[in-house]
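Here's a quick briefing on a single protein chain. Have a look at the model first, then read on.

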Amino acid sequence: MKIALIADPFIPVPPLNYGGIERMIDFLITGLKKRGHETILLAHPDSVVPTKLVAFGDQQSPLKHFHNILKVNSLRTFNPDVIHSFGRLAYLLPFLFQNIPKIMSYQREPTLTQIGKAMNLARKNSLYFTGCSDYISNQIKPIAPSYTVYNGVEIDKYTFSTEVPNDAPLVFLGRIEPIKGTHNAIEVAQKTGKSLVIAGNIPPEYQSYFDQQVRPHLNEQISYIGTVNDQQKDVLLRNALAFLMPIEWNEPFGIVMAEAMACGTPVIGFNRGSVPEVVEHGISGFKCHTVAEMIEFVQQIDQIDRKKVRDEAERRFSSDVIVENYLEIYRQAIKISSGN
């Protein structure tokens, strides 16, 4: 197959630090190439990938979206069998009226009105959608063909720790902002007496949140180490007692949960968004609804077998599994579209 892939234009593939989707695009390209498929990627100009790269232009221009669509249109010369976008749905506009199968992958809350408009414009049986969780794909299914393909990780890049000391720290890794629940993780650490390592970027608009609800609690027990690269993340997660996911929003899919599980580290998360799908209660971690429940499960973490956590990551979220899932959708879409 000849597969054209489209990323968002703002982060290189693969990313240096933040950018879980860009990491996934990177291993998707590698996996497709390993299986003998030909690919091309439209992405940030600093991307370094084992395929032909078409670079987005200046994203400071007020006409950036128009120019981005023109870049997408340039993929015609590749003559793809299928086009797979992780960017904006609008980027598929140049191909909507054509029979070429188009896959739009949502890693965020879908805008259903836009999806409906695109389905009305698109050539019959040529536009398909995936969601990174049932939570996302089930929203799309009433108005368009939609499938769930979980986000994944390259398992071999994460070091499996069979055991950690009882005084190993809890870990919070993510953007430092209210909906991610950093303050909840701090409360859990304070009330369990466990150490907590906080890592992640502070968006400028949430600096005051950090200053008021995080910084005052930093001490020998609770530390903030800033952003981490892939190597630092591996060390952080594999040495953690548990990974905390105390979110206050319906997160579509937190890739860091799969990354923690790849290290054998159990996840304790609030039962929102994709957490109910990712965490197998009592096997790969615990699902809960409140800080009080999270505190209880931290105290029961020795009941979780870290080998089973790693096994779950390999079975459900490994890059090979994700690549095969997307390939099956490509094949089905081409089969259906060719019947038009």
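Asn79 is exposed, because its relative accessible area is 55% (exposed means over 50%, buried under 20%, and partly exposed in between, with a 1.4 Å probe and protein chains only). Asn79 sits in the loop between α2 (64-73) and β4 (82-85), where helices (H or I, at least four residues) and strands (E, at least two) are DSSP runs numbered from the N terminus. This is a predicted model, so local features need pLDDT of at least 70 and side-chain atom pairs count only at pLDDT 80 or more, while totals for chains, interfaces and linings use all residues. Residues are numbered from 1 along each chain as its sequence is written, and side-chain values use heavy atoms, with hydrogens and water left out.

**Backbone oddities**

- Most residues other than glycine have a negative phi, and most peptide bonds are trans.
- Asn79 goes the other way, with a positive phi of about 55° although it is not a glycine.
- Asn125 also has a positive phi, about 60°, and is not a glycine either.
- You'll find Asn125 in the loop between α3 (112-121) and β6 (127-131), and it counts as partly exposed at 36% relative accessibility.
- Val13 and Pro14 are joined by a cis peptide bond, with omega about -10°; Pro14 lies in the loop between β1 (2-6) and α1 (20-34).

**A buried threonine**

- Is Thr265 buried or exposed? Thr265 is buried, with a relative accessible area of 0%.
- Its place is the loop between α8 (255-262) and β12 (267-270).
- The side chains of Thr265 and Arg306 make a polar contact of 2.9 Å (a pair of N or O atoms within 3.5 Å; within protein, one must be able to donate a hydrogen and the other to accept it, and residues adjacent in sequence count only if both atoms are side-chain atoms).
- Setting aside neighbours within four places in sequence, Thr265 has contacts (heavy atoms within 4.5 Å) that include Leu237, Leu241, Phe243, Ala260 and Val309.

**A histidine in a loop**

- His281 belongs to the loop between α9 (275-278) and β13 (285-288), and is partly exposed at a relative accessible area of 40%.
- Its side chain reaches the backbone nitrogen of Lys287 at 2.9 Å.
- Beyond four places in sequence, His281 touches Phe286, Lys287 and Phe297.
- C-alpha to C-alpha, His281 and Val267 are 9.3 Å apart in space and 14 residues apart in sequence.

**Out at the chain's tail**

- Gly339 follows α12 (319-337) and counts as exposed at 63% relative accessibility.
- The C-alpha atoms of Gly339 and Lys233 are separated by 47 Å, with their positions 106 residues apart along the chain.

**The whole chain**

- The protein chain comes to twelve helices and 13 strands.
- Its C-alpha trace spans about 60 × 40 × 35 Å along the principal axes.
- The radius of gyration is 21 Å, which agrees with the value near 20 Å for a compact globule of 340 residues (taken over C-alpha atoms; the globule rule is 2.2 Å times the number of residues to the power 0.38).
- Of the 340 residues, 54% count as buried.
- Among contacts between residues at least 6 apart in sequence, 66% join residues at least 24 apart.
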